[in-house]
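Trainee: Could you take me slowly through one part of this protein, and explain the terms as you go?

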Amino acid sequence: LVKEGKWNSSTKNIVLSIMNVIVLFIGIATLGLGTYASVVDILDAYSSGEVRGSFTCSAKAYES
């Protein structure tokens, strides 16, 4: 989606600029929703006991 000249110099550039904005918003939505889904999955894994604490130096933490 590459335009030539100013963004409002022709109908083609205006259409390409609008498409660029749409692609930007799709990317932002994908980033935001993907981050949200990952955080929810991590929180669910911790609450269900699938994952232990995040970090410890104790050797006992590695025993079953």
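Mentor: What follows is a close look at the helix and some of its residues. This is a predicted model, in which local features need pLDDT of at least 70 and side-chain atom pairs count only at pLDDT 80 or more, while totals for chains, interfaces and linings use all residues. Residues are numbered from 1 along each chain as its sequence is written, and side-chain values use heavy atoms, with hydrogens and water left out.

The protein has 1 helix and 0 strands, where helices (H or I, at least four residues) and strands (E, at least two) are DSSP runs, numbered from the N terminus. Helix α1 has 38 residues and reaches 55 Å from its first C-alpha to its last, close to the expected 56 Å, the expected span being 1.5 Å times one less than the number of residues. After α1 comes Gly 49, with a positive phi near 85°.

Of the 64 residues of the protein, 6% count as buried, and buried means under 20% relative accessible area, with exposed over 50% and partly exposed in between (1.4 Å probe, protein chains only). In α1 the buried residues are Asn 13, Leu 16, Ser 17 and Ala 45. Ser 17 belongs to this helix, which covers residues 11-48, and Ser 17 counts as buried because its relative accessible area is 12%. A polar atom of the Ser 17 side chain lies 2.8 Å from the backbone oxygen of Asn 13. Leu 16, also placed in α1, is buried because its relative accessibility is 14%. Between Leu 16 and Glu 4 there are 9.8 Å from C-alpha to C-alpha, and the two are 12 residues apart in sequence.

Turning to the surface, the protein exposes about 5,600 Å², with carbon and sulfur atoms supplying 67% of it; accessible areas come from the Shrake-Rupley method with a 1.4 Å probe, and for residues only the protein chains shown count as cover. Ile 18, which lies in α1, helps to make a nonpolar surface patch of about 500 Å² together with Trp 7, Ile 14, Ile 22 and Ile 26. Patches are made of residues with over 30% relative accessible area and no salt bridge, with like charges joined within 9 Å and nonpolar side chains (Val, Leu, Ile, Met, Phe, Trp, Tyr) within 5 Å; a salt bridge is a side-chain nitrogen of Lys or Arg within 4 Å of a carboxyl oxygen of Asp or Glu.

Key:
A polar contact is a pair of N or O atoms within 3.5 Å; within protein, one must be able to donate a hydrogen and the other to accept it, and residues adjacent in sequence count only if both atoms are side-chain atoms.
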